Amino acid sequence: MDDIATLDVRSLRLGQTLSLCGLVHTGRDRFHKYLHDGGALPPGVDLRTSALYHCGPVMVRAGEGWRMVAGGPTTSSREEPYEAEVIARFGLRLIIGKGGMGAKTLAACREHGCVYLQAVGGAATLIANAVEQVEGVDFLEAFGAAEAMWHLRVREFPVTVAMDAHGNSLYDEVATHSQARLRSLLGQ
């Protein structure tokens, strides 16, 4: 298993699969905009030793705490206007989501030593099973359950390196290969 807190992100390569264990925080549109506009992280949250997961989980009360029922990734491109600044400002090293991100985020990953990890879309229950404990929640009243910042202790959370800390992107590689193949098929 790959410990989130001690993972050497600069050593990770495109296509590498990981099984994460450690602390993951969810964050979607409202949370990213809040940080981008000057907001602060909750006390005790350190994005240098944890991961930020683009996810709007389905949570249910479990006694005094919470339990994740479903936790699939949300479309990460919605965070593109904010993510580069979040990486730079908070030392973010690990982003988890689906569908990739744009050139600004890729450049920030290269400059600051961050990677974008692809979680499997449509596997919300599998991912929920990787959550050992919901450690808490912030911004629940302000943002609502789907947009709140949930703090999750995970084990065997499956991801693939889709954008590395060296400026490489699987999404760019697929686009380049697809365009070349299309030109070949069209006889160009």
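This passage describes two helices, the cysteines and the salt bridges of a predicted model.

Helix H1 spans residues 29-36. Its buried residues are Phe31, His32 and Leu35. These three cover an arc of only 95° around the axis, and therefore lie on the same side of H1. An α-helix has 3.6 residues a turn, so residues three or four places apart point the same way. The buried residues of H1 pack against strand S3, helix H2, helix H5 (140-143) and strand S9 (149-163). After H1 comes Gly38, which has a positive phi, near 105°.

Helix H2 covers residues 80-90, and its buried residues are Glu80, Tyr82, Glu83, Ala84, Val86, Ile87 and Phe90. The elements that cover these buried residues include helix H1, strand S3 (51-53), strand S6 (94-97) and helix H3 (103-112). H1 is thus among the elements covering the buried residues of H2, and H2 is in turn one of the elements against which the buried residues of H1 pack. Strand S3 appears in both settings: the buried residues of H1 pack against S3, and S3 is also among the elements that cover the buried residues of H2. Just after H2, Gly91 adopts a positive phi of about 70°.

The search for disulfides, made over the whole structure, gives 0. Cys21 is in no disulfide, and the nearest cysteine sulfur, which belongs to Cys114, is 18 Å away. A disulfide requires two cysteine sulfur atoms within 2.5 Å, so Cys21, at 18 Å from the nearest such sulfur, does not qualify. Cys21 has a relative accessibility of 16% and counts as buried. Cys55 is likewise in no disulfide; for this residue the nearest cysteine sulfur is again that of Cys114, 17 Å away. Cys55 is buried, and its relative accessible area is 0%.

Salt bridges in the model number 5. Side chains of opposite charge can pair when their charged atoms come close. Three of these pairs are described here, beginning with the salt bridge between the side chains of Glu147 and Arg28, where the N to O distance is 3.5 Å. Glu147 is in the loop between H5 and S9, while Arg28 is in the loop between strand S2 (17-26) and H1, so this pair ties together parts that are 119 residues apart in sequence. Glu147 counts as buried at 12% relative accessibility, and Arg28 counts as buried at 18%.

A salt bridge also joins the side chains of Arg78 and Asp29, at 3.0 Å from N to O. This pair links distant parts of the chain, 49 residues apart: Arg78 is in the loop between strand S5 (65-70) and H2, whereas Asp29 is in helix H1. Arg78 has a relative accessibility of 32% and counts as partly exposed. Asp29, with 23% relative accessibility, counts as partly exposed too.

The side chains of Arg153 and Glu135 form a further salt bridge, with an N to O distance of 2.9 Å. Arg153 belongs to strand S9 and Glu135 to strand S8 (residues 131-138), and the pair links distant parts of the chain, 18 residues apart. Arg153 is partly exposed, its relative accessible area being 30%. Glu135 also counts as partly exposed, at 39% relative accessibility.

Note on methods. Residues are numbered from 1 along each chain as its sequence is written. This is a predicted model: local features need pLDDT of at least 70, side-chain atom pairs count only at pLDDT 80 or more; totals for chains, interfaces and linings use all residues. Side-chain values use heavy atoms; hydrogens and water are left out. Buried means under 20% relative accessible area, exposed over 50%, partly exposed in between (1.4 Å probe, protein chains only). Helices (H or I, at least four residues) and strands (E, at least two) are DSSP runs, numbered from the N terminus. Contact means heavy atoms within 4.5 Å. The arc is that of the directions from the helix axis to the C-beta atoms. A salt bridge is a side-chain nitrogen of Lys or Arg within 4 Å of a carboxyl oxygen of Asp or Glu.
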